[in-house]
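Student: Please choose one part of this structure and take me through it closely. I am new to the structure and would like to understand how that part connects to its surroundings.

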Amino acid sequence: MEQKFDYRSGYVVYPDAAPGDAGAKAPYIDHGTALVGPERYYSQAEADLEWERLWTKVWCFAGITHDLKNVGDYFRYELGRESFIVVRSTPDTIKAFYNVCPHRGNQLVYADSGHIAAGGSFYCNFHGWRFNIDGSLREIKDEHLFRRETICDLHELKEVRCEVWNSLVFINMDPRAMPLLQQLDVIPQHLQHYPFDKMPVYSEMRGELDANWKVGMEAFIEFYHSDDTHPQVLPISGTLKTQYDLYANGMSRMIIPFGYSGDRADDPDEVTEGLKGFVAFFGGKNEDYRHIKGQDYRKAFADTMRHWGERNGHKAMFDKLSDGQLTDDWNYHVFPTITINVFSFGILIQSWTPHASDPQKHQYRTLSLLLPVQDPNQAVMDPVSFAVSAEKGWKGEKRGVCTYPQKLEDWGTVLSQDVERIPKVQRGIRSRAFEGHRLCESESRVRHYLAEIDRYLGRR
């Protein structure tokens, strides 16, 4: 008989994992059972407090080094009320500056990305001031027009801290904040065998959603909604027996087991067409696994993925991964801005950042990074919606373009199901009938990150 659910231990995907293993269950953290007040999702006062005490103090994901390959490459990062320039200033240095000319406040960079050629500079197209890519002041147009006292303290653009982990670029406006790697806690250790720099950008999407950033993000740090929102995953994954882990500094993870008949199966022994399809897509032969039942089909999937990795030039990486890492979705929340869905064949980064002025809107971004394939007959699967590419033998030689969805279906099969609901949740939260979130233990990551926000806001 199945053991009764214990909220302190929760579901454990890898019961044999030793303490300290990447897949081991983290100790339980009790954040209580109180209702989560709805006003924090729409109050302007709350948004203002978050801006002053959270966003200006914490490490925020700005972009990826894939877009900064050469000296002079830069991209613009918009975060709420601020705009930043992130640039490769030397072969080994990435810097970040406020995207503002100190003369009259004009933004120096209007485009999402670009390149400053050798000898070039950031140019203010309002009054002609110029700054080198290391931020130093190059030229004040007609400098003789200024009294010396007006400009004597001007030497460079205002810089913000910029640090990189595994090709992910973060900025921090607080010079006293802890180092990035310290804030990330166990995440770098857990993902040490995943070389994100070897995963080219396959796709990117950006859009503005009509909901507070927290409403958007919360939809992606719990799987309690999956049965009703994403029914297509029911026959192939653990929608109930997901493992939730809470770490320091607001970081967390859920492990969603993939490649078996699912937790809600009428016949757990059945090998569904969905399972067969997954194995076949990655080059496995289902007839080789006729002896394996549906609840144990992850063994077939893991075996298939090991062969996939070897066939496509990734054996050295895959040899370092456990069977669970080959098959499952390890979803990390990097507090406060992003989640990283980590698969053996690639990753999906999603980010949610506050609107500059409206607490009931936010900016949403997705980035899919995939391992290239060597097998000319192998298609790739975009984890943003598990969509299969028409192209085969994808080598990632060209960066995937950024798209701006105009219609719901443009977000893809899976994401569109979330994007449709998120504004409805925002509207429901504003109802006088709604008293606050009543969270189950499968939503423990929601309480966890809100507790960390409260620490920044001075409530703890």
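Tutor: A salt bridge, as the term is used here, is a side-chain nitrogen of Lys or Arg within 4 Å of a carboxyl oxygen of Asp or Glu. The structure shown is a predicted model. The part chosen is the contact between D328 and R298, together with the sheet that follows it in the chain. In the salt bridge between D328 and R298, the closest N and O atoms are 2.3 Å apart. The two partners come from distant parts of the chain, with their positions 30 residues apart. R298 belongs to helix α8, which covers residues 298–311, whereas D328 sits in the loop between α10 (323–327) and β14 (329–334). How accessible is D328? Its relative accessibility is 0%, and buried means under 20%, so D328 counts as buried.

Other charged residues offer a comparison. Salt bridges with shared partners join D67, E204, R206, R365 and R399 into one network. In the whole structure, a search finds 30 salt bridges. One of them links the side chains of D174 and R176, with an N to O distance of 3.7 Å. The two ends of this pair have opposite settings: D174 is buried at a relative accessible area of 11%, while R176 is exposed at 70%. In another salt bridge, the side chains of D197 and K198 meet at 3.9 Å, N to O. Here D197 is partly exposed, at 46%, and K198 is exposed, at 51%.

From D328 the path leads into the sheet. β14 and β13 pair in the antiparallel sense over five bridges, and within this pairing W330 of β14 stands opposite I255. In general, the strands of a sheet pair through backbone hydrogen bonds, either parallel or antiparallel.

What is the setting of the residues of β13? The strand is mostly covered, and five of its five residues are buried. In a regular strand the side chains alternate between the two faces of the sheet. In β13, S252, M254 and I256 point one way, and R253 and I255 point the other. The residues on both sides of β13 are buried.

β13 also pairs with strand β12 (residues 243–246), in the antiparallel sense and over four bridges. There, Q243 stands opposite I255. I255 therefore has a place in both pairings of the strand, opposite Q243 and opposite W330. β12 and β13 form a hairpin with five residues between them. N249, in the turn of this hairpin, has a positive phi of about 60°.

These strands belong to an open sheet of eight strands, in the order β12-β13-β14-β15-β16-β17-β11-β20, with mixed pairing. Its edge strands are β12 and β20 (402–403), each of which pairs on one side only. Further along the order, strand β11 (residues 201–209) pairs with strand β17 (residues 362–370) in the antiparallel sense over eight bridges. In that pairing, V201 stands opposite L369.

Beyond the edge strand β20, Q406 lies in the loop between β20 and α11 (413–429). Q406 is exposed, with a relative accessible area of 69%. The C-alpha atoms of Q406 and G207 are separated by 8.4 Å, although these residues are 199 residues apart along the chain.

What follows β13 on the way to α7 (273–281)? The loop between them contains E270. With 42% relative accessibility, E270 counts as partly exposed. E270 gathers with D266, D267, D269 and D296 in a patch of negative charge on the surface. In short, β13 itself is mostly covered, whereas the loop after β13 carries E270, a member of the negative surface patch.

Technical notes:
Residues are numbered from 1 along each chain as its sequence is written. This is a predicted model: local features need pLDDT of at least 70, side-chain atom pairs count only at pLDDT 80 or more; totals for chains, interfaces and linings use all residues. Side-chain values use heavy atoms; hydrogens and water are left out. Patches are made of residues with over 30% relative accessible area and no salt bridge: like charges are joined within 9 Å, nonpolar side chains (Val, Leu, Ile, Met, Phe, Trp, Tyr) within 5 Å. Accessible areas come from the Shrake-Rupley method with a 1.4 Å probe; for residues, only the protein chains shown count as cover. Lys and Arg count as positive and Asp and Glu as negative; His and the chain ends are not counted. The place of a charge is taken as NZ of Lys, CZ of Arg, CG of Asp or CD of Glu. Helices (H or I, at least four residues) and strands (E, at least two) are DSSP runs, numbered from the N terminus. Buried means under 20% relative accessible area, exposed over 50%, partly exposed in between (1.4 Å probe, protein chains only). Two strands pair if DSSP finds at least two bridges between them.
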